[in-house]
Amino acid sequence: MTRTRAGLVMFALALAAYAFVAAGARAGLLVLVGLGFGLVLEGLRFGFAGPWRMIVTDCDGRGLIAQFLAIGLTAAAAFPLLAAAPDELFGAHAPVGLAMIAGAFVFGATMQLVMGCGSGTLVNAGSGNLVGLVALVGFIGGSFLGTLHLEWWTGLGTMPVITLQGLWGAGAGLWVTLALLAALGAVVALRAAPGKRMPPRRLWIAAALIAVLALANLVIAGQPWGIVYGLGLWGAKLADAGGADLAATAFWSAPANAERLGASILTDVTSLTNIGLLAGAFIAMRWKADPGAQTARLTAASWLAVLVAALIMGYSARLAFGCNVGAFFSGISTGSLHGWVWMVAAFGGSYLGIRLRPVLLRRAGPTGTGVPA
Amino acid sequence: MTVPVPARPSRPVVALLAIGLLLAILALDTLRSPAVDLFDAPPPIAFGSGVAPGGAHCSGG
């Protein structure tokens, strides 16, 4: 076990050192931040999709309250930082629009079908969950396909970018954010069953660490924690290698995106943290004496459902200007109105996904007939 | 009739496949993308650098 753990430490250091040597100090630091995310999310079992399901199915609000705590802690430092360095740091600010709302709703539904959100898919794949690996492939494909049609979708109707600090200033915007998070926490606590309200110590620690890592991401990269852009870029790289003419598309011909497509993945900040996150989840899983059981056996139709749902999840995350990380966590913690709208729409979709899950995901039984997974 | 259910790969095996997928993407990108000019690399930390972040984010269109 000691040798395994020593090997895992070496693996983490080698990964960060490779990024440092190949792409500079910022790249190395962001891989370390991503490793931290992976270790915390997998090691302390802090998730996003699971708690959204647990509050509905089990009246368990502990994970959701921990999410609000992490977002609030991040916002408390992110708002002043963004105000202090408006030319160096950007928030996760995006417009509210019809496609964005629909995308968030669909994302919420599909994340319950693939048993993981944006970060959850990376964590699940990295920690050896077979559903997570299949979902990761679909998510990469979907988030790339979403870039091809984004212009058309946003053309259906999009408001200007609205931020809370833009409406009321950084100080008041932060207080409104914290008050809304506290109010939501109170609603969740009221909805939750006795004994399922107060997060356990593990989640308090995880929430604090996630906030520290998210702030490190903001300070180092100059932009908040994100997932989807990196995965879409990976899909674009694969399509480009396959001969696709991406220069003809509106998204990939835009200067910032064309620059990312033409440069190494190691220059893309969301790719760097995604790489670290997946590797961190792998390390956290292998660190344990017992890596845990594999997910339930599923029928062939259910595997197909997982792949299609992940494809749609990636596509919808692109339309929604982010997933639970880029839109919900980073959007709200940096004052973007679209983060709040995303949360409401995605929660509605999540409720639908919970209902669809036993219908579409069936365990492969000995008779081959399938029972709800 | 009983249908045999195929054995599932263990978590460490699936995790290694995920790491393999990641390394394959990195290798392909390394072969196809120009090497990063380290003299043109951004400052280690954006905050306080006086330089606007050049990366793209999920919230960008």
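**Exercise 1.** How many residues of chain B are in contact with how many residues of chain A?

*Solution.* This is a predicted model, in which local features need pLDDT of at least 70, side-chain atom pairs count only at pLDDT 80 or more, and totals for chains, interfaces and linings use all residues. Residues are numbered from 1 along each chain as its sequence is written, while chains are lettered from A and ligands numbered from 1 in the order in which they are written. Take two residues to be in contact if their C-beta atoms, placed from the backbone, lie within 7 Å. On this basis, 40 residues of chain B contact 66 residues of chain A. The side of chain B that touches chain A comprises 26 nonpolar, ten polar and four charged residues; Asp, Glu, Lys and Arg count as charged, Ala, Val, Leu, Ile, Met, Phe, Trp, Tyr, Cys and Pro as nonpolar, and the others, Gly among them, as polar.

**Exercise 2.** Determine how many helices and strands each chain has.

*Solution.* Helices (H or I, at least four residues) and strands (E, at least two) are DSSP runs, numbered from the N terminus. Chain A has 17 helices and four strands. Chain B has one helix and zero strands.

**Exercise 3.** Explain why the span of helix α10 of chain A agrees with expectation.

*Solution.* The expected span is 1.5 Å times one less than the number of residues. Helix α10 (residues 201-221) of chain A has 21 residues and should therefore span 30 Å. Its end C-alpha atoms are 30 Å apart, in agreement. After α10(A) comes A:G222, with a positive phi near 85°.
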